[in-house]
Amino acid sequence: MLSIKKFAAIDIGSNAVRLLISTITEPDNKPVTFKKTSLVRVPIRLGQDVFTKAYISDENSQRVVDTMKAFGLLMKSHKIEAYRACATSAMRDAKNGDAMVNLISKEANIDIEIIDGSDEAFIIAATDLHTLVDDSKTYLYVDVGGGSTEFTLFSHGETIGSRSFKLGTVRILNNTISKDVWEEAEAWVRSITSPYSRIEMVGSGGNINNIFKSSNKKLGKPLSYLYLSSYYQLLNSLTYEERISELSLNEDRADVIIPAAKIYLSAMKWSRSKSVHVPKIGLVDGIIKSLYNNSKS
């Protein structure tokens, strides 16, 4: 008997808002498959407001409400069984974050959870990472967002440790990160990875996905430190306008991609990783997985 379910995940991030609708197929005596039926991304840079003024502006509040109304209609059209909507760093730090949650619930009839950094790292780690990595190796998983970066160390299939730091691309662009945050992240990564002789890195987030796409590498092949470093130098050599016209980057990607590359390169240096795997997974994929697991329990 074939079972087909549809779930939806919403990620209200510091740089963009995403909706993923996934179709889960459960055939008899065969592995379950997760198919991305629809992925919608809307570039509302909430972090720009929050990390500089501590509040989400009225204009962006309305944009989020309008986007949630649209997402609600899409979920209805797709006849989803369940959804989960999570807000991350920007909504966490916003002084009017809770008011935004109430406004979205009232206007768009969508319930939002503001999750903390450890929750975010846990949800992302719940993705199908084990199918993408070798259980006999050690990996540092790095998820770079607009407001924070989550680091998780996996060794021989086990989670060794996980931390979230307020080291995000939008924060860096707005010069709101102190030297202490960089030093704290470096110390933690160096400390947790020091017992292991060989570490490979796994990167997730829109920026590393974009860099991977530009490399024309086959899915499953890692990017080398040398490639990432030379691409970072290329990005820095171009103006914002040139990055849009010559590299075909979106307007809201052309600026944040530089601090993102810097974070990934730093993490590779701190952990002594020579390559980074890019499996194209993120928070929305983890939310879908958690919804599916909850439906089975």
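This passage looks at the nonpolar cores, the largest pocket and two loop residues of a predicted model.

Start with the inside. The largest nonpolar core takes in 38 residues, and the members that touch the most others are L140, V142, F151, L167, M201, L228 and Y264. Two strands, β6 (138-144) and β7 (149-155), each give two or more residues to this core, and so do the helices α8 (179-193), α9 (206-215), α10 (225-237) and α12 (257-271). It is α12 that puts in the largest share, with 10 residues. Set apart from this core is another one, made of 30 residues, with I12, F51, I80 and V170 among them.

F151 gives a good idea of how the pieces of the largest core meet. Leaving out residues up to four places away in sequence, F151 touches L140, Y141 and V142, then G161, S162, R163 and F165. The list of F151 contacts carries on with A185, W188 and V189, and ends with A267 and W270.

Next comes the largest pocket, with a volume of about 930 Å³. Its lining counts 39 residues, and R18, G205, G206, N209 and R253 are the ones closest to the pocket centre. Several elements supply at least two lining residues each, namely β3 (33-42), α5 (117-125), β6, α9 and α13 (283-296). Here α9 has the largest share, at six residues. By type, the lining splits into 19 polar, 10 nonpolar and 10 charged residues. Both β6 and α9 thus turn up twice, once among the contributors to the largest core and once among those to the pocket lining.

Two loop residues round off the picture. S273 sits in the loop between α12 and β11 (275-277). Is S273 buried or exposed? With a relative accessibility of 4%, S273 counts as buried, because the cut-off for that label is under 20%. Its side chain makes a polar contact of 2.8 Å with the side chain of S271. Beyond the neighbours within four places in sequence, S273 is in contact with I199, E200, M201, Y225 and M268. One of these partners, M201, is also among the residues of the largest core that touch the most other members.

G220 belongs to another loop, the one between α9 and β10 (223-224). Its relative accessibility is 59%, so G220 counts as exposed, the cut-off being over 50%. Although G220 and K280 are 60 residues apart along the chain, their C-alpha atoms are separated by 10.0 Å.

Terms used. Residues numbered from 1 in each chain as written. Predicted model: local features only at pLDDT ≥ 70, side-chain atom pairs only at ≥ 80, totals over all residues. Heavy atoms only, no water. Core = buried A, V, L, I, M, F, W, Y, C linked by side-chain atoms within 4.5 Å. Buried < 20%, exposed > 50% of the residue type's maximum accessible area, 1.4 Å probe, protein only. Helix = DSSP H or I, 4+ residues; strand = E, 2+ residues; numbered from the N terminus. Contact = heavy atoms within 4.5 Å. Polar contact = N/O pair within 3.5 Å; in protein donor to acceptor, adjacent residues only side chain to side chain. 1 Å grid on protein atoms, 1.4 Å probe; cavity = no way out; pocket = protein on both sides within 12 Å on 5 of 7 lines; lining within 4 Å. Points joined across faces, edges and corners; volume = space filled by probe spheres on them. Nonpolar A, V, L, I, M, F, W, Y, C, P; charged D, E, K, R; others polar.
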